[in-house]
Amino acid sequence: VTMSPYVPLSLTAATSSDEEDDSDSSTKPIRSEKKKSPASLFQTGGDPPKEKKSKKKAPPKGGESEEETPETLQKNSNKKGKAKKSKKKEERPPSPVIEVENLEEFVLQPAPQGVTVKCRVTRDKKGMDRGLYPTYYLHLDNDKKVFLLAGRKRKKSKTSNYLISIDPTDLSRGGENFIGKLRSNLMGTRFTVFDNGANPDRANADWSNVRQELSAVVYETNVLGFKGPRKMTVIIPGMNADCERVPIRPRNDNDGLLMRWQNRNMDNVIELHNKAPVWNDETQSYVLNFHGRVTHASVKNFQIVHSSDPDYIVMQFGRVADDAFTMDYNYPLCAVQAFAIALSSFDGKLACE
């Protein structure tokens, strides 16, 4: 039986029919070029300089060659039914060569246009309170397994509060390796991602040291409760004409990404959603095409897209083993944004496996 690259979101085993495979090119930036270049979907501040345009169109061709052809996709997922063998590592299409010279800079920089940054998240439950406070590690998914970020939920915090660090051994709030944090509301359904700037209460005169909000995530449970796919809305700052993130530094809680989104004040704000999975009659499950990058069914598997171009995958995340997941992101996301969005999906009030 040949298996397709579609992976179910429910926990039934899946072999989805091949006729849906025409979307195999869905993560190739080149397809979106006909509509709009991906960059233009996220630009909110002014027109791009003329000479930048030619640059923008070139990278997707490079990006395209990194994508798998449908044949190799087919092959990748063929092994899906077999037990968790360490061979999996070679089967997944790896990350293109990415130079990480300055880690702090790299993890806050948007992914290069036309390149999918492919990563792996591992969950470590070792230690005294391993069940409650596992540590999550993010590495580039390539031969070198370059370490990028670590994250862990803070203890004694009223709401879920994850610290994100560029040092796998130092997950303290005061350390110089602290790079960002993810904070939830009391219900555990809304999350905000901050960089390592200061709390507005401790702002200097010109507000330049105040923390930026990098992203927000809103989860809605659907009519099926936790049995069906979740609905996610991801809110991120827009990009300016130079393809840099527009800094959003709220001075109080009423000015953050979530409030702007709620009040439909969308200046310099971009709204993204998880891609709706397709119901598959044969397997009686919801499925999504992950192009061989995800091999295990899980309600945590998701893809994030812009509604104007659902073929351009901004980010995808999914399970490949009990405590291992792949996380791939594209422009305009940076590693900290993508990792924090992935961490939000592990949270206790949402986790339902």
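## A twelve-strand barrel with a helix lying across its strands

Strand 7 (residues 178-184) and strand 8 (residues 190-195) pair up antiparallel through 5 bridges. One place to see that pairing is Gly-180, which stands opposite Asp-195 in strand 8. Keep in mind while browsing that this is a predicted model.

Those two strands belong to a bigger arrangement: 12 strands close into a barrel, in the order 3-4-5-6-7-8-9-10-12-15-16-17, with antiparallel pairing. From one strand to the next, the twist averages 20°. The chain as a whole has 9 helices and 17 strands.

Strand 3 is a good spot to look at how the barrel is joined up. It covers residues 117-124, and 6 of its 8 residues are buried, so this strand is mostly covered. On one side, strand 3 runs antiparallel to strand 17 (residues 324-329), with 6 bridges between them. Here Val-121 faces Phe-325 of strand 17. Strand 3 also runs antiparallel to strand 4 (residues 135-140), again through 6 bridges, and Arg-123 has Tyr-136 of strand 4 as its bridge partner.

Here are the strand pairs mentioned so far, side by side.

| Strand pair | Bridges | Direction |
|---|---|---|
| Strand 7 and strand 8 | 5 bridges | antiparallel |
| Strand 3 and strand 17 | 6 bridges | antiparallel |
| Strand 3 and strand 4 | 6 bridges | antiparallel |

Now for the helix. Helix 9 (residues 335-345) lies across a whole series of strands, including strand 3, strand 4, strand 5 (147-153), strand 6 (161-165), strand 7 and strand 8. Its angle to strand 9 (213-220) is about 25°.

Gly-151, found in strand 5, gives a residue-level view of this region. With a relative accessible area of 0%, Gly-151 counts as buried, because the cut-off is under 20%. Leaving out neighbours within four places in sequence, Gly-151 is in contact with Pro-134, Thr-135, Tyr-136, Leu-163, Ile-164, Leu-171, Phe-339 and Leu-343. Take Ile-164 from that list: it sits 13 residues from Gly-151 in sequence, yet the two are 4.4 Å apart in space, C-alpha to C-alpha.

Over in strand 16 (residues 309-321) we find Gln-316, a polar side chain worth a look. Gln-316 is buried, at 5% relative accessibility. What does its side chain make polar contact with? One partner is the side chain of Gln-303, at 2.8 Å. In addition, a polar atom of the Gln-316 side chain lies 3.5 Å from the backbone oxygen of Phe-290. Setting aside residues up to four places away in sequence, Gln-316 touches Phe-290, Arg-293, Phe-302, Gln-303, Thr-326, Met-327 and Asp-328.

What about the cysteines? Cys-243 is buried at 16% relative accessible area, and Cys-334 is buried too, at 0%. The disulfide count comes to 0.

Finally, some whole-chain numbers. Buried residues make up 55% of the 353 residues in the chain. Among contacts with a separation of 6 or more, 59% come from residues 24 or more positions apart. The accessible surface comes to about 16300 Å², and carbon and sulfur atoms account for 50% of that.

How values were computed:
Residues numbered from 1 in each chain as written. Predicted model: local features only at pLDDT ≥ 70, side-chain atom pairs only at ≥ 80, totals over all residues. Heavy atoms only, no water. Helix = DSSP H or I, 4+ residues; strand = E, 2+ residues; numbered from the N terminus. Buried < 20%, exposed > 50% of the residue type's maximum accessible area, 1.4 Å probe, protein only. Contact = heavy atoms within 4.5 Å. Areas by Shrake-Rupley, 256 points an atom, 1.4 Å probe, with all protein chains shown as cover. Polar contact = N/O pair within 3.5 Å; in protein donor to acceptor, adjacent residues only side chain to side chain. Pairing = 2+ DSSP bridges. Disulfide = S-S within 2.5 Å. Axes fitted to C-alpha atoms, helices over the stretch in contact; angles between N-to-C directions.
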